[in-house]
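Me: I've got a structure open and want a quick tour. Can we go through it together?

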Amino acid sequence: MKIIWLGHGSFRFEIGGLTLLLDPWLTGNPMLSEDQHDAATDGATHILLTHGHFDHVTDVLPLSRKLGVPVVGQFDLMNHWAEKEGIETVGFNKGGTVDLGGVKVTMVHAVHSSTFGTEDGPRVAGTECGFMIEGEGHTIYASGDTDVMADMKIFNDLHQPDIGILSAGGHFTMDMKRAAYAAKTFFDFKTVIPCHYRTFPILEQSAEVLVEALPDAKVIEPQVLEAIEI
């Protein structure tokens, strides 16, 4: 299995014979240069979407069309896009699991917001979520943009994820201290990968707090396009 950070909250997962893009943000992503876009997306089989904010959704429709791959996400938005945008989608909802062909994805709750910007102001785009991604004998918890929540205990009881990908930059999501609390209190991760940080000055720039708080887990500060092999 390869987990490849594309900067901010975007990832590429090579798992179970599939290549999944999670919230692929290319256009305007200050951590991913234009000459890296093809390497980030080539060979993708699916796109997973957690919510509708620009730094997660901007490139989803163009990539789905360019690559000819389905978008996997919340039922309401997926149905709308299938009807109005003519793309292939896999729509489901929180608590549901879809089998993408060797990799199972369960949608779980998150605490954030989910809107598109329009000329008339924000427009609701379903609700925010995270994912449990199961394949090759591992379960990845991709938190999506969220704060700490007691639901995380339920997630661990039901899924026992060994890999945690946690939004931890603060301001818009948990910061490193809160992400560490979530990991220690609710989970038993073997590997923790922070994200949604370093992108802008307003976000946390280091995961040192997370590293120091989780001595029993392997905390990996990801580097853009450098594969983490599990």
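Me: Empty space to start with. How many cavities of 30 Å³ or more does the structure hold?
Reply: Two. Keep in mind that this is a predicted model.

Me: What volume does the largest cavity have?
Reply: The largest cavity comes to about 70 Å³.

Me: Which residues lie nearest its centre?
Reply: Gly9, Leu22, Gly144, Ser167 and Cys195. The full lining of the largest cavity counts 13 residues.

Me: And how does that lining split by class?
Reply: For the largest cavity, five residues are nonpolar, six are polar and two are charged.

Me: OK, the second largest cavity. How much space lies in it?
Reply: About 60 Å³. Its lining includes Leu49, Thr50, His51 and Gly52. Gly73, Gln74, Leu77 and Met78 are also among the lining residues. So are Ser114, Ala125, Gly126 and Thr127.

Me: Which elements give two or more residues to that lining?
Reply: E5 and H4.

Me: What about classes there?
Reply: The second largest cavity is lined by four nonpolar and eight polar residues, with no charged ones.

Me: Switching to pockets. What is the volume of the largest pocket?
Reply: The largest pocket has about 240 Å³. It is lined by 13 residues, and Leu77, His80, Trp81, Phe116 and Arg123 are the closest to its centre.

Me: Which elements supply two or more of the lining residues?
Reply: H4, strand E9 (115–118) and strand E10 (121–124). H4 gives the most, with five residues.

Me: So Leu77 turns up twice?
Reply: Yes. Leu77 is in the lining of the second largest cavity, and Leu77 is also among the residues closest to the centre of the largest pocket.

Me: Class make-up of the pocket lining, how does it go?
Reply: Six nonpolar, three polar and four charged residues line the largest pocket.

Me: Now the sheet. In what order do the strands run?
Reply: The order is E6-E5-E4-E3-E2-E1-E16. These seven strands make an open sheet with mixed pairing.

Me: Why is one side of E6 and of E16 left without a neighbour?
Reply: Strand E6 (89–92) and strand E16 (227–229) are at the edges of the sheet, and each has a single partner strand, so one side of each has no neighbour there. From one strand to the next, the twist averages 25°.

Me: How do E4 and E5 pair, parallel or antiparallel?
Reply: Strand E4 (residues 46–48) and strand E5 (residues 71–74) pair in the parallel sense, over two bridges. Val71 in E5 is the bridge partner of Ile47.

Me: What does helix H3 touch on the sheet?
Reply: Helix H3 (residues 60–67) packs against strand E3 (18–22), E4 and E5. The direction of H3 makes about 170° with that of E4.

Me: And H4, which strands does that touch?
Reply: Helix H4 (residues 75–84) touches E5 and E6. The direction of H4 makes about 135° with that of E5.

Me: Backbone next. What is the phi of Asp23?
Reply: Positive, about 45°, although Asp23 is not a glycine. Asp23 sits in the loop between E3 and helix H1 (37–41).

Me: Is Asp23 buried or exposed?
Reply: Buried, because its relative accessible area is 1%, under the 20% cut-off.

Me: Leu225, what phi does that one have?
Reply: About 65°, again positive in a residue that is not a glycine. Leu225 is in the loop between strand E15 (218–219) and E16. Leu225 counts as partly exposed, with 27% relative accessibility.

How values were computed: Residues numbered from 1 in each chain as written. Predicted model: local features only at pLDDT ≥ 70, side-chain atom pairs only at ≥ 80, totals over all residues. Heavy atoms only, no water. Pairing = 2+ DSSP bridges. Helix = DSSP H or I, 4+ residues; strand = E, 2+ residues; numbered from the N terminus. Axes fitted to C-alpha atoms, helices over the stretch in contact; angles between N-to-C directions. Contact = heavy atoms within 4.5 Å. Buried < 20%, exposed > 50% of the residue type's maximum accessible area, 1.4 Å probe, protein only. 1 Å grid on protein atoms, 1.4 Å probe; cavity = no way out; pocket = protein on both sides within 12 Å on 5 of 7 lines; lining within 4 Å. Points joined across faces, edges and corners; volume = space filled by probe spheres on them. Nonpolar A, V, L, I, M, F, W, Y, C, P; charged D, E, K, R; others polar.
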